[in-house]
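Here's a quick briefing to read alongside the model. Keep the viewer open and follow along by topic.

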Amino acid sequence: MNTPQAPIESPFGYRSTAREVVYSVDLSGKQVLVTGGYSGIGTETVRALAGAGAHVIVGARRPDAAHEVLDEVVGDISILPLDLSDPASIDAFAASVAEKWDRLDILINNAAIMASPLARDARGYEMQFATNHLGHFQLTARLWPLLKAANKARVVVLSSIGHRISPVHIDDPHYEHREYEKWAAYGQAKSANALFALQLDKLGAEHDVRAFSVHPGGIATPLQRHLTMEEQKAMGWYDDEGNVHEAFKSTEEGASTSVWCATSPLLEGKGGVYCEDCNIAALADPEKPRAGGVFPNALDEDVAARLWDKSEEMTGVTFRP
């Protein structure tokens, strides 16, 4: 049942766009849910899936802003309020979805925050971990009956090359006993995203629910809202004239791997793998830090199982796949 963490033959790649990926895919009658689907690559994910015929539900922390962006997108789109840092909002959103629809064919856990100053939710949980991982963990658990009710559902969890920055510190995920560092916190959250997909796939496969984690690539989007231009120039993302690095993807290209994981027939019967550039990623070479691939900390099955148990404890949600 385990899918090898190794590339397969894919007709798409680094510069493919989301709409190219679904050009020959008919999603008519499919129910799709995308968190944060009104900003950056989320918008292009929604545009591609709705354009292929799916009904797309968008969970939005700012519904008014979502309507401003998505009302001009062609397709069947529903927008419902969702704040992933608020457990009550997650439960209310999931209940509303379950009242309106009887299944969910595709769930794309796309929303995220990145490299933000130290902040905590009402429970005292570190905000990047709480929003990026725990919010999506709780949401997926609440939507689990709808995923099982579908025919071969898929869950796509947005991770990042940032998983290389830090593993998950299961004994101190909320920086209660160590000094906070915004990039390490982001890396931990993105490692958690990959490990969640790994364990979800293992537990969901018997129900024909498969899960994938995704590195979308480097893209200039509002995700960088907490970074100054000086920081981004220092990291080489922009040059001194303010031009984005040539290796960065457009938002249309950045959405392609999420859409590929959600729809590609090449992934039939597969899951639990970390993907990039519209393919299953290779194992990374630590000697080539700027090359592609996935680090071992995002593939550790023992840590994934421990994180699952810890996430149930932290959210109070018993996930029963």
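**Sheet, helices and empty space**

Strand 6 and strand 7 (residues 274–276) run parallel, joined by three bridges. One of the pairings to look for is S213 with its bridge partner Y274 in strand 7. Bear in mind that this is a predicted model.

**The sheet**

- Zooming out, there's an open sheet of eight strands, with mixed pairing and the order 3-2-1-4-5-6-7-8.
- Strand 3 (76–81) and strand 8 (279–280) sit at the edges with a single partner strand each, so one side of each has no neighbour in the sheet.
- As a general reminder, the strands of a sheet pair through backbone hydrogen bonds, and they can do so parallel or antiparallel.

**Helices across the sheet**

- Helix 4 (residues 87–100) lies across strand 1 (31–35), strand 2 (55–60) and strand 3. Its angle to strand 3 is about 145 degrees.
- Helix 6 lies across strand 4 (106–109), strand 5 (154–158), strand 6 and strand 7. Relative to strand 6, helix 6 runs at about 160 degrees.

**Helix 6 meets helix 10**

- The axes of helix 6 (residues 182–204) and helix 10 (residues 301–315) come within 9 Å, crossing at roughly 90 degrees. That angle is why helix 6 counts as roughly perpendicular to helix 10.
- On the helix 6 side, the contact uses A192, L195, F196, L198, Q199, L200, K202 and L203. Helix 10 answers with E301, V303, A304, A305, L307 and W308.
- By class, the contact of helix 6 with helix 10 has eleven nonpolar residues, one polar and two charged.

**The cavity**

- How many cavities of 30 Å³ or more does the structure hold? There's one, and the largest cavity has about 40 Å³ of space.
- Its lining is made up of A194, A197, L198, F212, S213, G272, V273, Y274, A298 and L299.
- Helix 6 and strand 6 are the elements that give two or more residues to this lining, and helix 6 gives the most, with three.
- S213 and Y274, the bridge partners from the start, both turn up in the cavity lining. L198 also does two jobs, as it lines the cavity and takes part in the helix 6 contact with helix 10.
- The lining splits into eight nonpolar and two polar residues, with no charged ones.

**The second largest pocket**

- About 370 Å³ of space lies in the second largest pocket.
- Of the 21 residues lining this pocket, N151, K152, R154, A262 and E268 are the closest to its centre.
- Strand 6 (210–215) and helix 9 (256–263) are the elements that contribute two or more residues to the pocket lining.
- The lining of this pocket has nine nonpolar, four polar and eight charged residues.
- Strand 6 thus links several topics: it pairs with strand 7, helps line the largest cavity and helps line the second largest pocket.

Notes
Residues are numbered from 1 along each chain as its sequence is written. This is a predicted model: local features need pLDDT of at least 70, side-chain atom pairs count only at pLDDT 80 or more; totals for chains, interfaces and linings use all residues. Side-chain values use heavy atoms; hydrogens and water are left out. On a 1 Å grid over the protein atoms alone, a cavity is a set of points where a 1.4 Å probe fits but cannot get out, and a pocket is an open set with protein on both sides within 12 Å along at least five of seven lines; lining residues have an atom within 4 Å of a point. Grid points are joined across faces, edges and corners, and a volume is the space filled by probe spheres set on the points. Helices (H or I, at least four residues) and strands (E, at least two) are DSSP runs, numbered from the N terminus. Ala, Val, Leu, Ile, Met, Phe, Trp, Tyr, Cys and Pro count as nonpolar, Asp, Glu, Lys and Arg as charged, and the others, Gly among them, as polar. Axes are lines fitted to C-alpha atoms, for helices over the stretch in contact, and angles run from 0 to 180 degrees between N-to-C directions. Angles under 35 degrees count as roughly parallel, over 145 as roughly antiparallel, 65 to 115 as roughly perpendicular and the rest as oblique. Contact means heavy atoms within 4.5 Å. Two strands pair if DSSP finds at least two bridges between them.
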